[in-house]
Amino acid sequence: MQRFVPVLRQDNVDPQLISLINTLMAACKEISFRLHQGELAGILGSTLDENIQGETQKKLDIISNQLIKDILLESGQVRAIASEEEDTIVAGSENGRYLVCFDPLDGSSNIDINSLVGTIFSIMEVPEGQTGATEEMFLQPGTAQVAAGYVLYGASTQLALTTGDGVRLFTLDNTIGEFLLTQERMSITQETAEFAINMSNQRFWEPAMQDYIADLLAGETGSRDKNFNMRWIAAMVGDVHRVLCRGGIFTYPTDNKNPNKPYKLRLMYEANPMSFLVEQAGGVSSTGYERIMEINPQEIHQRVAVILGSKNEVNTCLSYHK
Ligand code: AHG
Ligand code: MN
Ligand code: MN
């Protein structure tokens, strides 16, 4: 199926929200174009700067952030943005109705090896009656998201989007510069035999995760009675996309490698939008102890443990945490 749906005329979705997503997609098309130019566009490599998380910023982190930030702040629809690459929120239009959180380029370590990267976004409304632009406005649980999605800059560029009624998948047609609807409803298989975790952190995990992964590795010879396969793309966008396409469990669990940083992934612009997508496709998303989308955020760059994917497998993993 291939259908031209100018992102994304959906009967039951507010036209203002659709227009905002279309605006955001204009920036993502530009990122896609530059990424595919690669070395020719002189956009690979690092800058000398670090972001607020203490991570070296790649040139493309900065470029992507600037493109998305500019287009959103000029749209007239956005009250403020929160980005992985901005220390604080950035105010937009006084009358803007929306708040947008984003990870402009997820999987930065893959940029220089011409491998998978993506953009993740989460859209909320400004709480009723609030004026100005403050960080507090953003501190709403993931259940308050009105839309979320990611753009995967792979061999083809794809957009996975939810506005709270399932997940639709679009593919960028470079000949016309538009996203075409290529899958009406993504659905995550309930069972799986595939897991994704950075095994190099094994000795730093909690006992519950140690035990769970040990049972997966034991395969047919252990309590699970079946063999499991492993994948790790090092870009959440790529790993979650695989889970949406063919099922699986993806986790970046708590670890004690660095006591000041027990979690890696960020709640507002990585975990929440991905959780919204996963739940809308029939999967489950948890920290191990609570539903991610029910967390009340304390700050915009807060980190969180993530376990998401195929319903039955995630529930099995959660049973180890009880
Ligand atoms: P970012 O590039 O936006 O900082 O995010 C990278 C994140 C996530 O996408 C991925 O799952 C994880 O970091 C990879 O971590 P490791 O380097 O430990 O594999
Ligand atoms: Mn990221
Ligand atoms: Mn990033």
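**Entry 1: the spacing of the metal donors.** I began with the donor residues of the manganese ion (ligand 2), and in sequence they are spaced D-x2-D-x163-E. I am reading all this from a predicted model, so I keep that in mind.

**Entry 2: who the donors are.** Next I looked up the names. The protein donors are Asp-103 (OD), Asp-106 (OD) and Glu-270 (OE). They lie 1.9 to 2.2 Å from the manganese ion (ligand 2).

**Entry 3: distant parts brought together.** I then asked where two of these donors sit. Asp-106 is in strand S6 (residues 98–106) and Glu-270 is in helix H5 (residues 267–280), so the pair ties together parts that are 164 residues apart in sequence. I also checked whether they are buried or exposed. Both Asp-106 and Glu-270 turn out to be buried.

**Entry 4: a shared residue.** Which residue bridges the manganese ion (ligand 2) and the manganese ion (ligand 3)? I found that Asp-103 does, and the two ions lie 3.7 Å apart.

**Entry 5: Asp-225.** Turning to the backbone, I noted a positive phi of about 65° at Asp-225, although this residue is not a glycine. I located Asp-225 in the loop between helix H3 (207–218) and strand S13 (229–230). Asp-225 is exposed, because its relative accessible area is 60% and the cut-off for exposed is over 50%.

**Entry 6: Ala-234.** I met another positive phi, about 70°, at Ala-234, again not a glycine. Ala-234 belongs to the loop between S13 and helix H4 (236–246). With a relative accessible area of 34%, Ala-234 is partly exposed.

How values were computed: Residues are numbered from 1 along each chain as its sequence is written. Chains are lettered from A and ligands numbered from 1 in the order in which they are written. This is a predicted model: local features need pLDDT of at least 70, side-chain atom pairs count only at pLDDT 80 or more; totals for chains, interfaces and linings use all residues. Side-chain values use heavy atoms; hydrogens and water are left out. Helices (H or I, at least four residues) and strands (E, at least two) are DSSP runs, numbered from the N terminus. Buried means under 20% relative accessible area, exposed over 50%, partly exposed in between (1.4 Å probe, protein chains only). Donors are N, O and S atoms within 2.8 Å of the metal (3.2 Å for Na, K and Ca); water is not among the atoms, so sites may look incomplete.
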